[in-house]
Amino acid sequence: MHLAYPAVLAVLLFCTGLYGVLARRNAILVLMSVELMLNAVNLNLVAFDVWLRDTLHAGQALTLFTIAIAAAEIGIGLAIVLMVYRSRGTSDIDKLRDNAETAGADDAPGPDEKAEATA
């Protein structure tokens, strides 16, 4: 088996996932893009394991661990996204960041309030 075919496919998958992480605004689509990137890594691990003819199949074993970690990551990430959606009403990352910045600025006491608090 030629190593170039799965390597090129893994690069395409990883670049697609990277584009999704950088360009998407929806948190669920960002999580899906991260999964694409992890699958590209898994494809490389298995391809190099087959190409090197490893008798222990370390690449395939590491792929199983990566799949387990990815499943846990997507479960926790989806739970966080659902809780944020329930509390804020949106899963748009830009709006969430803007809400966090304005909320932090509104909560900070002004100079007059600091003087009254110390008096």
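**Packing of helices H1 and H2 and the loop that follows**

H1 passes H2 in a left-handed crossing. In this predicted model, the contact draws on Pro6, Ala7, Leu9, Ala10, Leu13, Phe14, Thr16, Gly17, Leu18, Gly20 and Val21 from H1. On the H2 side, the residues taking part are Val30, Ser33, Val34, Leu36, Met37, Ala40, Leu43, Asn44 and Ala47. The two axes come within 8 Å and cross at roughly 160°. An angle over 145 degrees counts as roughly antiparallel, and H1 is therefore roughly antiparallel to H2.

It is worth looking at H1 on its own. This helix covers residues 4-23, 20 residues in total. From first C-alpha to last, H1 reaches 28 Å, close to the 28 Å expected at 1.5 Å a residue. Pro6, Ala10, Gly17 and Gly20 are buried in H1. Viewed down the helix axis, the buried residues of H1 fall within an arc of 90°, so they line one face of the helix. Helix H2, residues 27-52, is included in what covers these buried residues. The face turned away from the buried side of H1 tells the other half of the story, as it carries the exposed residues Leu12, Tyr19 and Leu22.

Ser33 offers a convenient view of the pairing from the other partner. This residue has its place in helix H2 and is one of the H2 residues that make the contact with H1. With a relative accessible area of 7%, Ser33 is buried, since the cut-off for that class is under 20%. Once neighbours within four places in sequence are left aside, Ser33 is in contact with Gly17, Gly20 and Val21. Of these partners, Gly17 and Gly20 are themselves buried residues of H1, and Val21 is listed among the H1 residues of the helix-helix contact.

Further along H2 comes Val50, also a helix residue. Val50 is partly exposed, with a relative accessible area of 41%. Although Val50 and Leu3 are 47 residues apart along the chain, their C-alpha atoms are separated by 9.0 Å.

Asp49, another residue of H2, has its contacts with a separate part of the chain. At 5% relative accessibility, Asp49 counts as buried. Not counting residues up to four places away in sequence, Asp49 touches Asp54, His57, Ala58, Gly59 and Gln60. For Gln60, the C-alpha to C-alpha distance from Asp49 is 6.8 Å, with their positions eleven residues apart in sequence.

Which backbone features, then, stand out in the loop between H2 and H3? Arg53 is found in this loop, ahead of helix H3 at 58-88, and has a positive phi of about 55° although it is not a glycine. His57 lies in the loop between H2 and H3 as well, and His57 too has a positive phi of about 55° without being a glycine. Most residues other than glycine have a negative phi. As for accessibility, Arg53 counts as exposed at 69%, whereas His57 is partly exposed, with a relative accessible area of 39%. His57 is also one of the residues touched by Asp49, a contact that links this loop residue to a buried position of H2.

Note on methods
Residues are numbered from 1 along each chain as its sequence is written. This is a predicted model: local features need pLDDT of at least 70, side-chain atom pairs count only at pLDDT 80 or more; totals for chains, interfaces and linings use all residues. Side-chain values use heavy atoms; hydrogens and water are left out. Helices (H or I, at least four residues) and strands (E, at least two) are DSSP runs, numbered from the N terminus. The expected span of a helix is 1.5 Å times one less than its number of residues. Buried means under 20% relative accessible area, exposed over 50%, partly exposed in between (1.4 Å probe, protein chains only). The arc is that of the directions from the helix axis to the C-beta atoms. Contact means heavy atoms within 4.5 Å. Axes are lines fitted to C-alpha atoms, for helices over the stretch in contact, and angles run from 0 to 180 degrees between N-to-C directions. Angles under 35 degrees count as roughly parallel, over 145 as roughly antiparallel, 65 to 115 as roughly perpendicular and the rest as oblique. A crossing is left-handed if the near helix is turned anticlockwise from the far one by less than a right angle, and right-handed if clockwise.
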